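Please open the structure in a viewer and keep the sequence at hand. The tour proceeds by selection, one stop at a time.

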Amino acid sequence: MARMLQEGYIGVFDSGVGGISVLKRLAKLLPHERFVFYGDSANAPYGDKPTEWVMNRSRLITERMLDTGAKAIVIACNTATSVAAETLRGEHPSVPIVGIEPALKPATESAYHERILVMATETTIRLDKFHRLARTYGSRSDIITVACKGLADLIETGKLEGREMRDLLERYLGEYRGDVDGVVLGCTHYPFVARQIRAIVGDIPLYDGGPGTARQVKRLLLAGQITAPTSQKGGIEFRSSNPDPAQIELYRQFYRLPLWD
């Protein structure tokens, strides 16, 4: 049984391409693991969906992955983590289920922590999970939240450059130019436009939850003694709810993009 778990895959899912930023961190830290990435691009983004819908969709994807050999699940979506992670852990207590959350802790513990801008979806900012984080880690910082409606949608199209992206980021971030000490990228889509964000707010520290999520996955695999054997060749399989073959190619293109750090 232990060997079967070792050889199982790590399921990673998101509403679309954003979770690929987390997948890249995972694959770098765990080179012998096999990953299956599922992008729910037919239903992206999750940030403006009802919480009950996000819960049901997250449960369905998780159960399908577990039925097909997943040994661990990574919810590579801040919105789905906020809505579903706690419930899914309760439903599958023997399975490592790791979510992602806005990187408020490293941002507020940084030397530059007086005014922290948090970019996220409306749902992530609205739910109590974020407010608990802000209460826990934000006592010494001025936390400014910006709900970036439409930003994940635009990133989903792959149009990361150009006037449309610049105008949208300027609308959300322009007033904070030179006025914040750091930016928390509270959606897994946003690391793919980190350079464009810095072009507006300035060359200040950026923080995202991907590295911490990858480290937690590694810790849980080691604790459960289900890490892949070093003889196993790691790999990534991309799947999508969008049946268009071009969607998988878009995922591969995003995987090839460098991350901001």
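The stops below cover the nonpolar cores, one helix, and the aromatic rings of this predicted model.

**The nonpolar cores.** Begin by selecting Val12, Leu26, Met119, Leu151, Ile155 and Leu173, the residues with the most contacts inside the largest nonpolar core. That core has 55 residues. Which residues does Ile155 touch, leaving aside those up to four places away in sequence? They are Val17, Leu160, Met165, His189, Tyr190, Val193 and Phe254. Next, select Tyr46, Ile61, Met65 and Ile73, which are among the 21 residues of another core, lying apart from the largest one.

**Helix α3.** Now select residues 51–67, which form helix α3. With 17 residues at 1.5 Å a residue, this helix should span 24 Å, and its end C-alpha atoms are 24 Å apart, so the expected and modelled values agree. Within α3, colour the buried residues: Val54, Met55, Arg57, Ser58, Ile61, Thr62 and Met65. What covers these buried residues? The covering elements include the strands β1 (9–14), β2 (34–39) and β3 (70–75), together with α4 (78–91). Just after the helix, select Gly69, which takes a positive phi of about 105°.

**Aromatic pairs.** The rings come next; the count of aromatic pairs is six. Display Tyr46 and Trp53, whose ring centres are 5.5 Å apart. Their planes meet at 75°, and planes over 60 degrees apart count as edge-to-face, so this pair is edge-to-face. Are the two residues buried or exposed? Tyr46 is buried, with a relative accessible area of 1%, whereas Trp53 is partly exposed, at 28%.

Another edge-to-face pair is formed by Phe192 and Phe254, with 4.9 Å from centre to centre and 85° between the planes. Phe192 lies in the loop between β7 (182–185) and α10 (194–201), while Phe254 belongs to helix α12 (residues 245–256), so the pair ties together parts that are 62 residues apart in sequence. Both Phe192 and Phe254 are buried. Phe254 has already appeared on this tour, as one of the residues that Ile155 touches.

**A cluster and two charges.** Select Phe37, Phe238, Tyr251 and Tyr255, which ring pairs link into a cluster. Add Lys24 to the view: its charged end sits over the ring of Tyr255, 4.9 Å from the ring centre. For the last stop, select Arg171 and Tyr172; the charged end of Arg171 sits over the ring of Tyr172, 5.5 Å from its centre.

Definitions and conventions
Residues are numbered from 1 along each chain as its sequence is written. This is a predicted model: local features need pLDDT of at least 70, side-chain atom pairs count only at pLDDT 80 or more; totals for chains, interfaces and linings use all residues. Side-chain values use heavy atoms; hydrogens and water are left out. A nonpolar core is a set of buried Ala, Val, Leu, Ile, Met, Phe, Trp, Tyr and Cys residues joined through side-chain atoms within 4.5 Å. Buried means under 20% relative accessible area, exposed over 50%, partly exposed in between (1.4 Å probe, protein chains only). Contact means heavy atoms within 4.5 Å. Helices (H or I, at least four residues) and strands (E, at least two) are DSSP runs, numbered from the N terminus. The expected span of a helix is 1.5 Å times one less than its number of residues. Rings of Phe, Tyr and Trp (its six-membered ring) pair if their centres lie within 6.5 Å; planes under 30 degrees apart count as stacked, over 60 as edge-to-face and the rest as tilted. A charge sits over a ring if NZ of Lys or CZ of Arg is within 6 Å of the ring centre and within 35 degrees of the ring normal.
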